[in-house]
Amino acid sequence: MKKELKDAHGKRIHPYVPELCEQLREGKVDRREFLRTATLLGVSAGAAYGMAGKILGTEMISQPAQAQETPKQGGSFKVSMQVQEMTDPATYDWTQKSNVARHMTEYLTFTGPDNVTRPYLAEGWEASDDLKTWTLKLQKGVKWSNGDDFGADDVVHNFTRWLDPKVGSSNVGLFASMVDEVDTGKKDDKGNPVMGKRMTEGAVEKIDDHTVRLNLNSADLAIPENLYNYPTAIVHRRFDEEGGDLSKNPVGTGPYMLSEFQVGEKATLQRRPEKYWGDQPYLDEIRYIDHGEDRSAWLAALASKQVDALFEVDVTQIDVVERLPHAVLHQAVTAQTGVARMQRTQAPFDNINLRRAIMACMDHQKLLDLAHRGKGAPGENHHVAQIHPEYAKLPPLKQDYDLAKKLLNDAGYKDGVTLSVNVGDATGSWETDTMQALKQQLEPSGINLQLNKMPQTQYWEVWTKAPFSFTGWTHRPLGVMVLNLAYRTGVPWNESNYSNPEFDKALDVASSLLDVEERRKAMVTAEKILQDDAIIAQPLWRAVFTATDKRVKGFRKHPTNYDQFNKVWLA
Amino acid sequence: MLVFIVRRLGTMILTMVVVSILLFLLLEINSASVAIKVLGPYTSEEQRNLWLEAHGYFRPIHIRYFDWLGNFIVGNFGDSIRFKVPVGEILWPRLANTGILGLAAMAVVIPLSLTLGVLAGMREGSKLDRVISVGSIVTTSIPEFASAVLLSAIFVYYLDLLPGTSSMSDGFSPVQLILPAMVLILYDFGYVTRMTRASMAEVMTTHYVRTAVLKGLPYRAVIMRHALRNALIAPFTVIMLQINWLLSGVIVVEFAFAYKGFGALLLEASLNQDLYMIEACAMVAVFVAVITQMVADIGYTYLNPRIRFA
């Protein structure tokens, strides 16, 4: 287990802060950015100034010796990644789709590799005290690639289409506080009214050409973070009128334009000739090349210098990357995880003693070591990661087979029980490895875990229905975001059918607190309830990896595998 | 002969119809599942119903089948879920790519395996025969995924001689064809060699070859004029069947080297539940299988007078 970091006053320091100090020391971030990020991570302004002074005061003398390389303009940057259709950003269901589009269409906010959300197309935002009203101030002087000015009409149009059920966007769930449940006027087979979701009237309001107000039905702390979720790229206000297909009509505000696009083969982006509204990017061209589903082929492409970077490197490929003389391995600390979730509405998982017996068998550090080579952090069965700003540390979980056997006995399984868990390997083979490791840990207690391996697509068809499944969850910058998505009563992605009013109430409180320290206190209750109800066995948090050629500079791996190469250059 | 061809054609059409019914029932009978595949797993029931209604999925199943079959016959396979373009736009170029790879492999396999097979079969039990036979067995025994890894390790990672993938993203590059073709050659030449050797060895023991030798004809003339033609009948059928194997058997090779061919397309379509693409690929694969089988049968009949006039 990683030791919790504390400052001189015994106050917890966010785990990212030491890395941030390192970046300041190495000149990767400037003083201003350091202060801004540190304070967003919960460090007091005084302490942040103190840290910066200490680092720069001692290191400034040696700074010339560590002079940074001057970025070079130009070059074609080749990345191995699946090239998928990218018709409508609002309906994206794979990060890869958004990675090509992210260089053309942009977002209102930007959550960086450091997990901090900053202004982007929105130059700033204000939230009301009750977090129900959010006012977004938009950048001025931003031009679409077709010459139009970007403004409030574009943003209003995007919110309206995201929340229109005909579009089919997952943003309906993301902005649930802007949606009403209404009778569609249709009846199902049993004659019951079919309900649907519609945007609440007045939920999006244009104040002036560069100001938009969101009026929510309930408090939502995560609006800025949600606005960088990959299906929230802002398209032009006439996107639908002009065909509704980004790959055929690639109009965006970003620094690149699509010059070539073939699903399953390649996507080429060329730098726009006119001046970009933000910092000018360095690369002339970005090329995504599809090498299929086989990660060995991706690595072979890097090994033979056919590409400069990979979308992702599997944890099992790290050794090979490290032996390539021209390659650099990149790692991101993430809140990506997998949860073996149990539906307590279905037998035998309606028995809390059985669920708790499973938890009692787990040694999270060993699971991490066995299944993911120790790369990441041990899970804590509550789906809030150490890198989430509001993470609250609970007493450590201990493996206890005596307790597990007693709980199994109480559950009526004196002679043991056989359980079957669905595994889809949707985020990689580490999912199967993790369940294999869990199987080994469950065996001494008398629980025989059988793995039901399924094709990825088949897995997603039943992921919210199966009684016991291991689901990979991607990184989200805030702990409350993922708890709201996955464990609140009745939400679409509540795959465990979990419903606990006390938990919902605790989550309401946490979600309504802007102050990180206060939110952290409120999270203790929410995390504890999830642990006590034992609905998820969460073995680990996984680090993610990628590799680039040594000539690639300015590259940082994003914890959500998002690409944005505005600061990347080729030596 | 004409009756034979007509009969074969009839069987071919019947096979295609049965396969089409099976395919349709397997993939399209559950319309809710079709909507999930097309719209994705995160969509609501309301969204799926709207789509099903718009695409005629609430009509009776037999009407849907005949409608589907009619579209298939005129080459309208529908739009690919993954590629978002008509299936044909992707399918035909991919089929051509596999054709190129197959051609490259066969251009080496056929002369190499026929030569080696004839050389081995000419003198059964000789040292040369044993070397060729053992070599053929060893290469055929190595599965394609293993030889792909092995060849990559040698030529990409160790020697740094060849490109590791064959995506042809910068246009056609013959050098990118080398590794996938090598894997196919390694796997396939041994099989054809063994078949040719067996056929040649059998011919060499026939009375007419023995008579030709005994009557004093030069050995070369015996082989070229009498033995070879008869010995090549069996390999002809085997080679014809390799075309069918190449179409779906190259999946592993295309997958390993990211070659954009028909095999990789079939796999991608299956992994991505690209329903209409799977249907079209399956029908094309079956069509090629029955056609090559028919051509092999006709060719065999033509080459072997004992069958032709039976």
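Start with Ser76(A): in strand E12(A), its bridge partner is Glu285(A). Keep in mind as you look that this is a predicted model. That pair belongs to a longer match, since five bridges join strand E1 (residues 76-80) of chain A to E12(A), and these two strands run parallel. Now look at another partner of E12(A), strand E11 (residues 266-271) of chain A. E11 and E12(A) also pair over five bridges, but in the antiparallel sense. To find your way there, look for Lys266(A), whose bridge partner in E12(A) is Ile289(A).

So how enclosed is strand E12 of chain A by the rest of the structure? Largely enclosed, because four of the five residues in this strand (residues 285-289) are buried. While you're looking at strands, here's a handy rule: in a regular strand, side chains alternate between the two faces of the sheet.

Next, the nonpolar cores. The largest one has 191 residues. Among those with the most contacts inside it are Leu108(A), Leu121(A), Leu302(A) and Ala526(A), and chain B appears too, with Val253(B) and Cys281(B). Which helix gives the most to this core? That's helix H8 of chain B (residues 174-204), with eleven residues. There is also a second, separate core of ten residues, including Val118(B), Met200(B), Val222(B) and Ala227(B).

Ala357(A) is another of the residues with the most contacts inside the largest core. Leaving aside residues up to four places away in sequence, Ala357(A) touches Ala404(A), Leu407(A), Leu408(A), Ala411(A), Ser445(A) and Ile447(A).

Let's move to where the two chains meet. The contact takes 30 residues from chain A and 30 residues from chain B. On the chain B side, several helices each supply at least two residues, among them H2 (31-39), H3 (45-54) and H7 (144-158). Helices H12 (251-256) and H13 (262-271) do so as well. What kinds of residues make up that side of chain B? They divide into 15 nonpolar, ten polar and five charged.

Now zoom out to chain B as a whole. Its secondary structure comes to 15 helices and zero strands. The C-alpha trace of chain B spans about 85 × 60 × 30 Å along its principal axes, and of its 310 residues, 36% count as buried. If you take the contacts in chain B with a separation of 6 or more, 71% of them link residues 24 or more positions apart.

Finally, a few backbone details are worth a look. Most residues other than glycine have a negative phi, and most peptide bonds are trans. Against that background, check the bond between Ala347(A) and Pro348(A): it is cis, with omega about 0°. Pro348(A) sits in the loop between strand E14 (327-342) and helix H10 (352-360) of chain A.

Two residues have a positive phi without being glycine. Leu131(A) has a phi near 60°, and Met168(B) has one near 55°. Leu131(A) is in the loop between strands E4 (122-127) and E5 (133-138) of chain A, while Met168(B) is in the loop between H7 and H8 of chain B. Are they buried or partly exposed? Leu131(A) is partly exposed because it has 19 other C-beta atoms within 10 Å, and the cut-off for buried is 20 or more. Met168(B) has 20 C-beta neighbours inside 10 Å, so it counts as buried.

Key. Residues are numbered from 1 along each chain as its sequence is written. Chains are lettered from A and ligands numbered from 1 in the order in which they are written. This is a predicted model: local features need pLDDT of at least 70, side-chain atom pairs count only at pLDDT 80 or more; totals for chains, interfaces and linings use all residues. A nonpolar core is a set of buried Ala, Val, Leu, Ile, Met, Phe, Trp, Tyr and Cys residues joined through C-beta atoms within 7 Å. A residue is buried if 20 or more other C-beta atoms lie within 10 Å of its own, exposed if 12 or fewer, and partly exposed in between; C-beta atoms are placed from the backbone. Two residues are in contact if their C-beta atoms, placed from the backbone, lie within 7 Å. Ala, Val, Leu, Ile, Met, Phe, Trp, Tyr, Cys and Pro count as nonpolar, Asp, Glu, Lys and Arg as charged, and the others, Gly among them, as polar. Two strands pair if DSSP finds at least two bridges between them.
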